[in-house]
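Me: Hi! I'm new to this one and would like a quick tour. Can you show me what we're looking at?
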Amino acid sequence: MSVEQMRAALHPDTAIVVPVYSEATVIAGVIDDLKQVFKNVYVVDDGSPDGSGLIAREHGARVVFHPINFGQGAALQTGIEAALANPDIDYIVTFDGDGQHSIDDAVAMVERLRQGDVDVVFGSRFLDERTELTTAKRIVLRTAVAYTNLITGLRLTDAHNGLRAFTREVAQFIDLEHNGMAHATEIVHQIGDGKFRFVELPVHILYTDYSRAKGQSLWNSINILFDLILR
Amino acid sequence: MHIAQFAILVAIFVALWFALHHRSRTEARAFRRVAFILLMGTIVTAVLFPDLLTDVAHALGIGRGADLVLYLTSIGLLYVSISVYLKFGDMDRRITLLARQIALMEDSGKLTHPDRPADAE
């Protein structure tokens, strides 16, 4: 068995779900890195006009194409359903397509799930000091967590992190209806409803100029709040 | 608080309640149609008998007929905006489900996109 094959054999029971919208400049690198460690990488191209999905496919990801753009929540749900169609998958990791997440963190989360005492592992930026955040972003994220904890009854330190891992059972239970970014709160809500056992692991978010430019405006938090309340 | 102020505030909450709880149901459709006919009737009456509007306003304790119209229009607009917002949300969800089915069917090889080769896997 070559080194390549050994690597490809790793984590055959895990699907990495990567929602992608117009990440043509970075997606190849993200997929290449993921494929070093994970056999099953599911990319959902959320109607990108720049051919991100085709690039991801060339780099070995399994790609599902949304015919038109819907938003990250919709892309995640599609990716989860695509992964569930594969009976080998026991664990699902959601991973952002802009390269801000660390693959070591993803591996640690899956290893945590394998211990069998939790169903969900959330990534948190606030459990250690590695992630550098601007004050404004820190305040908004903290407020968002407080709100999420309030309405879901869960106790989390960071509810709006795109890096999380959960079991097949949780994936089957989750049904994201918010197409936009409100899915982050919705997912926590549903995990609370399902009475799943969860834990938070510290993760390192690498904010690059690219991810900052691509990332959400803090103003979007107002839209998210509105979406959550009025629907 | 004057009776008219109270009535208008109540009407705002009734409109909100209807918009939030009775959407895409038979009653909501009937409610909208009745409201529409009443509105048409009111407009026609108000145009034909402008003094009547002022009399009704005075009876309710509102200064002018124009103010009464303004309040009623605001309530109507509130109801319509919320209904439309929610309706668009519903449509969005339905379109998403449809598109997801298409995307997953293409993924499983049951459909082929005309401009995209099927996945080699």
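Me: Let's begin with chain B. How many helices and strands does chain B have?
Reply: Happy to help! One thing to know up front is that this is a predicted model. Chain B has four helices and zero strands. Reading from the N terminus, its elements go α-α-α-α.

Me: What radius of gyration does chain B have, and what would a compact globule have?
Reply: Chain B comes out at 24 Å, while a compact globule of 121 residues would be near 14 Å. The C-alpha trace of chain B spans about 75 × 30 × 25 Å along its principal axes.

Me: And what share of chain B's residues count as buried?
Reply: That would be 22% of the 121 residues. Chain B exposes about 8700 Å², and 71% of that area is supplied by carbon and sulfur atoms.

Me: What about charges on chain B, how many of each sign?
Reply: There are 12 positive and 11 negative side chains in chain B, and the centres of these two sets are 6 Å apart.

Me: Back to the fold for a second. Of the chain B contacts between residues at least 6 apart in sequence, what share join residues at least 24 apart?
Reply: The figure is 58%. For a pair of residues that are well separated in sequence, take Ala35(B) and Gly76(B): they are 41 residues apart along the chain, and their C-alpha atoms are separated by 9.2 Å.

Me: Where does Ala35(B) lie?
Reply: Ala35(B) is part of helix H2 of chain B, which covers residues 26-48. With a relative accessible area of 33%, Ala35(B) is partly exposed.

Me: Okay, new topic: the nonpolar cores. How many residues does the largest one have?
Reply: It has 35 residues. Those with the most contacts inside it are Ile16(A), Val18(A), Leu34(A), Phe38(A), Val41(A), Val43(A) and Phe95(A).

Me: Which elements of chain A supply at least two residues of this core?
Reply: Two helices and four strands do: H2 (27-37) and H5 (103-114), plus E1 (14-20), E2 (40-45), E3 (62-65) and E4 (91-94). H5(A) gives the most, with six residues.

Me: Which residues does Val18(A) touch?
Reply: Leaving out residues up to four places away in sequence, Val18(A) touches Leu34(A), Val41(A), Tyr42(A), Val43(A), Val44(A), Phe95(A), Asp96(A) and Gly97(A). There is also a second, separate core of 28 residues, which includes Ala15(A), Val17(A), Ala83(A) and Val188(A).

Me: Switching to helix H8 of chain A. Is Gln190(A) there buried or exposed?
Reply: Gln190(A), which is found in H8 of chain A, counts as buried because its relative accessibility is 14%, under the 20% cut-off. Setting aside neighbours within four places in sequence, Gln190(A) is in contact with Phe173(A), Ile174(A), Asp175(A) and Leu176(A).

Me: Last topic, backbone angles. What is the phi of Lys195(A)?
Reply: Lys195(A) has a positive phi of about 55°, although it is not a glycine. Lys195(A) sits in the loop between helix H8 (183-193) and strand E7 (198-202) of chain A.

Me: Why does Lys195(A) count as exposed?
Reply: Because its relative accessible area is 71%, and exposed means over 50%.

Me: And Ser22(A), what's its phi?
Reply: Ser22(A) has a positive phi too, about 50°, and is not a glycine. Ser22(A) is placed in the loop between E1 and H2 of chain A.

Terms used
Residues are numbered from 1 along each chain as its sequence is written. Chains are lettered from A and ligands numbered from 1 in the order in which they are written. This is a predicted model: local features need pLDDT of at least 70, side-chain atom pairs count only at pLDDT 80 or more; totals for chains, interfaces and linings use all residues. Side-chain values use heavy atoms; hydrogens and water are left out. The radius of gyration is taken over C-alpha atoms; the globule rule is 2.2 Å times the number of residues to the power 0.38. Buried means under 20% relative accessible area, exposed over 50%, partly exposed in between (1.4 Å probe, protein chains only). Contact means heavy atoms within 4.5 Å. Accessible areas come from the Shrake-Rupley method with a 1.4 Å probe; for residues, only the protein chains shown count as cover. Lys and Arg count as positive and Asp and Glu as negative; His and the chain ends are not counted. The place of a charge is taken as NZ of Lys, CZ of Arg, CG of Asp or CD of Glu. A nonpolar core is a set of buried Ala, Val, Leu, Ile, Met, Phe, Trp, Tyr and Cys residues joined through side-chain atoms within 4.5 Å.
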